[in-house]
Amino acid sequence: MKNGAAAGLWWAVISAAAFGVSGPFAKSLLEIGWSPGAAVGVRIGGAALVLLIPVLFALRGRWTALRGSALTLIIYGVTAIALCQFFYFNAVQRMSVGVSLLLEYLAPILIVGWLWARSRRAPRRLTAAGSVTAMLGLLLVLDLTSDERLDPIGVIYGLAAAVCLAVFFLMSAKADDGLPPLVMAGGGMVVGAVAIGVMGLVGIMPFTFEFRDVTLAGWETSWLVPVFGLVLISTVVSYFTGILAARQLGSKVASFVGLTEVMFAVLASWLMLGELPGPIQLLGGLLIVGGVVMVRIDELRTPADGIQPLERANDVEPVPLP
């Protein structure tokens, strides 16, 4: 495996792990009375503040590039960050976290379908098999064995979150030599924070805060601990490394590696909230990894007929970072 691809896989795993711990952090805040809007607002707004100075430093002498990429940042911040969070938390309000997460993580399948539609060439057999394997593993990890009735509006919100997540992977993978990954992440956070603030002011995403101790890993601790965890780990680290991964692996592979977020979320819930994963969930985790490996192997194969893979045909092939 080339060094760039290996590094990309590591970035993708780090991103998935950082995203995965957001659930326990957010749940500890929701349990003391925070609203979903408050958790999302603090998460994105705090990340925007943390990244503001590094972004300004990275933009020294490159303000022209920022102006030229303004539309990209607006679409990325509003769609891939603000709306993705908004739709997901609305789905969670109407359905279980497991069902909502399953719907959101249909994003890799949407990406394969999108690339298929654009290139008018069906994905190769190994990619198709890896897609099916990964989604089956996701079903097992979520362990949806109950007879829960799905809320139609909640399903629409979950599917909308999946579309926004697909936009995140596709836009993160698109090469833009004038816009470094740090600027892409930080600028997107600023735009996303403004969008979430507007939704809060107009009442679409109400903000309710409670400043009491929370319980994490069986210990009583300050509410600031999950707040800092959400901002620094689950947002700053996750989005930045996610962009690095998508640029080196391409949107399709990065999105499938992102499926491992569910495994990390299960592990984090076990360690931080005492929710022990069962054997079926562990089996599902193995299937997810197997599906990711199959898709990655298919990406590395040289087509016998000389036709380039789907991502290269659609101008989202990963390139070296600037």
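This passage walks through the overall make-up of a predicted model, then two helix pairs and three individual residues.

The protein chain is built with 15 helices and two strands. Its length is 322 residues, and 50% of them count as buried. The surface that the protein chain exposes amounts to about 14,900 Å², with carbon and sulfur atoms supplying 69% of that area. Contacts between distant parts of the sequence are well represented: among the contacts in the protein chain with a separation of 6 or more, 89% come from residues 24 or more positions apart.

Two helix pairs give a feel for how the elements meet. Two packed helices are described by the angle between their axes and the distance between the axes. The first pair to consider joins helix α3, which covers residues 36-58, to helix α11, which covers residues 224-249. Their axes lie 9 Å apart and pack at an angle of about 65°, which means that α3 is roughly perpendicular to α11. The crossing of α3 past α11 is right-handed. On the α3 side, the contact is made by Ala-39, Val-42, Arg-43, Ile-44, Gly-46, Ala-47, Val-50 and Leu-51. On the α11 side, the contributors are Val-227, Leu-230, Val-231, Leu-232, Ser-234, Thr-235 and Val-236. Sorted by class, this contact of α3 with α11 comprises 11 nonpolar, three polar and one charged residues.

The other pair consists of helix α5 (residues 70-94) and helix α10 (residues 181-201), whose axes come within 7 Å and cross at roughly 55°. With that angle, α5 is oblique to α10. Here too there is a handedness to note, and the crossing of α5 and α10 is right-handed. From α5, the residues taking part are Thr-72, Leu-73, Ile-74, Tyr-76, Gly-77, Val-78, Ile-81, Ala-82 and Phe-86. They meet Val-183, Met-184, Gly-187, Gly-188, Met-189, Val-191, Gly-192, Ala-195, Ile-196 and Met-199 of α10. The contact of α5 with α10 divides into 14 nonpolar and five polar residues, with no charged ones.

Leu-66 offers another view of this region. This residue lies in helix α4, which spans residues 63-68. Once residues up to four places away in sequence are set aside, Leu-66 touches Leu-59, Leu-73 and Val-183. Two of these partners have already appeared, as Leu-73 belongs to the α5 side and Val-183 to the α10 side of the contact between those helices. Along the sequence, Leu-66 and Val-183 are 117 residues apart, yet their C-alpha atoms are 8.5 Å apart in space.

Val-13 brings together parts of the chain that are separated in sequence. Its place is in helix α1, residues 3-20. With a relative accessible area of 30%, Val-13 is partly exposed, because values from 20% to 50% fall between buried and exposed. Beyond its neighbours within four places in sequence, Val-13 is in contact with Val-257 and Phe-264. Gly-258 is 245 residues away from Val-13 in sequence, while 7.2 Å separates the two from C-alpha to C-alpha.

Finally, Ser-222 sits in the loop that leads from strand β2 (219-221) to α11, the helix that packs with α3. Ser-222 is partly exposed as well, with a relative accessible area of 27%. Leaving out residues up to four places away in sequence, Ser-222 touches Asp-213 and Val-214. Arg-212 is 10 residues from Ser-222 along the chain, and the C-alpha atoms of these two residues are separated by 6.9 Å.

Notes
Residues are numbered from 1 along each chain as its sequence is written. This is a predicted model: local features need pLDDT of at least 70, side-chain atom pairs count only at pLDDT 80 or more; totals for chains, interfaces and linings use all residues. Side-chain values use heavy atoms; hydrogens and water are left out. Axes are lines fitted to C-alpha atoms, for helices over the stretch in contact, and angles run from 0 to 180 degrees between N-to-C directions. Helices (H or I, at least four residues) and strands (E, at least two) are DSSP runs, numbered from the N terminus. Angles under 35 degrees count as roughly parallel, over 145 as roughly antiparallel, 65 to 115 as roughly perpendicular and the rest as oblique. A crossing is left-handed if the near helix is turned anticlockwise from the far one by less than a right angle, and right-handed if clockwise. Contact means heavy atoms within 4.5 Å. Ala, Val, Leu, Ile, Met, Phe, Trp, Tyr, Cys and Pro count as nonpolar, Asp, Glu, Lys and Arg as charged, and the others, Gly among them, as polar. Buried means under 20% relative accessible area, exposed over 50%, partly exposed in between (1.4 Å probe, protein chains only). Accessible areas come from the Shrake-Rupley method with a 1.4 Å probe; for residues, only the protein chains shown count as cover.
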